[in-house]
Amino acid sequence: MSDNELGLFLRTRREAVTPAEVGLPAGPRRRTPGLRRAELATLAGVSVEYVTRLEQGRDRHPSAQVISALADALRLTTSERVHLHRLTKGPGGGLCTGAAPALTVRPTVRALLDRLEPAPAVLLNRLGDLLGWTAGYERLTEPLGLLEGTPPNLARFVFGDRRARDAFPDWDRVADEQVAALKHGPFLADPHVAALTDELTVTAGAEFTDRVRTLPGLPAATGVTRLTHPEAGALRLAYETLELPADDDQRLVVHLPADETTATALDRLTGRRPGALRSVPA
């Protein structure tokens, strides 16, 4: 399994930027809709050979000036720039990789979950272990089988439980997000993430390993997930991801109905008055 995460990230971002976005003519006979290496090199003020070395993993420690130039040329967002900087720090990305993933929840975070009711909200660690959730989240996901396990784990459910494909109509996109979440950080330099990666490599095979090889580690912090619930039916849930302090090493994901049909269905599921969960534009 390749460990050239910096090269993978640069290549996928280069291929995602069209010439028009950076003021270049598209030109004939392009093999990719994105930028050529030579075009990126020109925009960043470096040589084509250097871009090639970076993408192939033969140079993994570009200077701060080169990082900034590449980020500007690729039109990276703030979160993408942070991720690029982390990847250039080598194994571990400058982060502690020895500490075990947190399995406990601070009392104030549990109190926050209580205050979020009736919204479906869940607290996860970097492995995708579910550490705490609202009653609304339990009503939403327990019938799907998602809360089975000690602790339940979102990546294991998505890749290892056949019920996940029925629960998530957009299973491929959900699977992409799970891999991106595991890769968002030290990844294989973290022994705990590496152990889960080995497990999923065996249990899920190519469905998992192909994604590890091709997807950069930058999960979407917000978006809309489609869910099929045995009682509530087809749902569209907008989600927001809130990162807790670094010492917690946890993230809080809050779901809200993305349309009025979903809002009504969730109200019925929770037994609350209509309008308890208002839909949000998505």
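# Exercises on sheet, rings and overall fold

Strand 3 and strand 4 are antiparallel partners, with eight bridges between them. The model is predicted: local features need pLDDT of at least 70, side-chain atom pairs count only at pLDDT 80 or more, and totals for chains, interfaces and linings use all residues. Residues are numbered from 1 along each chain as its sequence is written, and side-chain values use heavy atoms, leaving out hydrogens and water.

## Exercise 1: the sheet

Find the strand order of the open sheet, and state which strands stand at the edges.

Step 1. Fix the terms. Strands (E, at least two residues) and helices (H or I, at least four) are DSSP runs, numbered from the N terminus. Two strands pair if DSSP finds at least two bridges between them.

Step 2. Take the pairs around strand 4. A hairpin of three residues connects strand 3 to strand 4. Leu227 stands opposite Leu235 in strand 4. Strand 4 (residues 233-243) also runs antiparallel to strand 5 (residues 250-257), joined by seven bridges. There, Glu240 has Val254 of strand 5 as its bridge partner.

Step 3. Write the order. The five strands of this open sheet run 2-1-5-4-3, with antiparallel pairing. Strand 2 (130-133) and strand 3 (222-229) each have a single partner strand, so they are the edges, and one side of each lacks a neighbour in the sheet. On average, neighbouring strands are turned by 30° against each other, direction ignored.

## Exercise 2: helices on the sheet

Which strands do helix 10 and helix 13 touch, and at what angles do they lie?

Step 1. Set the criteria. Contact means heavy atoms within 4.5 Å. Axes are lines fitted to C-alpha atoms, for helices over the stretch in contact; angles run from 0 to 180 degrees between N-to-C directions.

Step 2. Helix 10 (residues 171-183) touches strand 3, strand 4 and strand 5. Its direction makes about 130° with that of strand 3.

Step 3. Helix 13 (residues 260-270) packs on strand 3, strand 4 and strand 5 as well. Its direction makes about 90° with that of strand 4.

## Exercise 3: aromatic pairs

Classify the ring pair Phe157 and Phe168, then the pair Phe159 and Trp171.

Step 1. Recall the rule. Rings of Phe, Tyr and Trp (its six-membered ring) pair if their centres lie within 6.5 Å; planes under 30 degrees apart are stacked, over 60 edge-to-face, the rest tilted. The whole structure holds three aromatic pairs.

Step 2. Phe157 and Phe168 have ring centres 6.4 Å apart and planes at 75°, so they are edge-to-face. Phe157 lies in helix 8 (residues 154-160) and Phe168 in the loop between helix 9 (163-167) and helix 10, so the pair ties together parts 11 residues apart in sequence. Both are buried (under 20% relative accessible area; exposed is over 50%, partly exposed in between; 1.4 Å probe, protein chains only).

Step 3. Phe159 and Trp171 are edge-to-face too, at 5.8 Å centre to centre and 80° between the planes. Phe159 is in helix 8 and Trp171 in helix 10, so this pair ties parts 12 residues apart in sequence. Phe159 is buried at 10% relative accessible area, and Trp171 is buried at 5%.

Step 4. Extend the picture. Ring pairs link Phe159, Trp171 and Phe208 into a cluster.
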